[in-house]
Amino acid sequence: MKSKQLKEEKGFTIIEVLIVLAIAGLIMLVVFLAVPALQRNSRNTQRTSDVSLISSAVNECLNNRNGRIASCNTTAQISPTYIDASATGTTLRQLRTIVFSTSFPADNAAIAHVAMGTGTTPGWKCTADGGDVTQTGASPRAIAVLYKTEGTAGQNIQRCLDI
């Protein structure tokens with residue numbers, strides 16, 4: 001009689017099922033919270049890499065052209081000559097959105113805003129906190145790249161890189 005009773009008691013209790021569902025729910029919650037942060041960090045890393053590539057290209061152009069800023073101040077002069085499309089993949093497409101100028105607009109949707117002097121007017125340099133640019137104390141050849149990264153609450157955080 002006892003062996004017949006044991007055979008009929010196969011299966012999970014409602015408590016066991018609820019515990020498994022609660023654990024699965026916690027795991028899914030952690031994954032759904034972590035994935036957007038990982039994607040945001042990946043995009044920010046790519047932006048920083050792109051800006052480093054831009055600054056290297058501008059610097060190389062200036063070195064090859066004896067520091068003449070006017071010969072290295074457009075995307076057309078930088079992209080095809082100093083950036084290898086095969087090595088950067090989609091970066092070359094993104095570089096089309098670079099803005100070169102002698103001033104900074106208040107709001108710019110470009111991946112990077114490269115500001116430089118004209119050779120006679122002061123150039124630009126990053127401020128001490130690295131989040132903005134200034135002409136104060138900058139030499140005419142000073143060049144700064146201003147770009148934005150994503151913050152945790154969806155806001156854009158402005159970053160600066162000196163060349």
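## Two cores in a helix-and-strand protein

The largest nonpolar core here has 17 residues, and those with the most contacts inside it are Val58, Leu62, Ile78, Val114, Met116 and Ile143. Helix 2, helix 3 (75-82), strand 2 and strand 5 each supply at least two residues of this core. Helix 2 gives the largest share, six residues. There is also a second, separate core of seven residues, and among them are Ala115, Val133, Ala144 and Cys160. In soluble globular proteins, nonpolar side chains tend to be buried together.

Before going further, please keep in mind that this is a predicted model. The average pLDDT of the protein is 76, and 77% of the residues score at least 70. Here is how the two extremes among the elements look:

| Element | Residues | Mean pLDDT |
|---|---|---|
| Helix 2 (highest) | residues 14-64 | 88 |
| Helix 5 (lowest) | residues 91-95 | 49 |

Now for the overall layout. The protein has five helices and six strands. If you follow the chain from the N terminus, the elements run α-α-α-α-α-β-β-β-β-β-β. Of the 163 residues in the protein, 30% are buried. The accessible surface comes to about 10,500 Å², and carbon and sulfur atoms account for 59% of that surface. Among contacts between residues at least 6 apart in sequence, 41% join residues at least 24 apart.

Strand 2 (residues 113-116) is a nice place to look at side chains. Which way do they point? His113 and Ala115 point one way, Val114 and Met116 point the other way, and all are buried. This fits a general pattern: in a regular strand the side chains alternate between the two faces of the sheet. You have already met some of these names: Val114 and Met116 are in the largest core, whereas Ala115 is in the second one.

Strand 2 also has a partner. Strand 2 and strand 5 (residues 143-150) pair in the antiparallel sense over four bridges. Alanine 115 has alanine 144, in strand 5, as its bridge partner. Both Ala115 and Ala144 belong to the second core.

Finally, try finding serine 55 in helix 2. Is serine 55 buried or exposed? With a relative accessible area of 10%, serine 55 counts as buried, because buried means under 20%. Leaving aside residues up to four places away in sequence, serine 55 touches Val145, Leu161 and Ile163.

Methods. Residues are numbered from 1 along each chain as its sequence is written. This is a predicted model: local features need pLDDT of at least 70, side-chain atom pairs count only at pLDDT 80 or more; totals for chains, interfaces and linings use all residues. Side-chain values use heavy atoms; hydrogens and water are left out. pLDDT is the predictor's confidence in each residue, from 0 to 100. Buried means under 20% relative accessible area, exposed over 50%, partly exposed in between (1.4 Å probe, protein chains only). Contact means heavy atoms within 4.5 Å. Accessible areas come from the Shrake-Rupley method with a 1.4 Å probe; for residues, only the protein chains shown count as cover. Two strands pair if DSSP finds at least two bridges between them. A nonpolar core is a set of buried Ala, Val, Leu, Ile, Met, Phe, Trp, Tyr and Cys residues joined through side-chain atoms within 4.5 Å.
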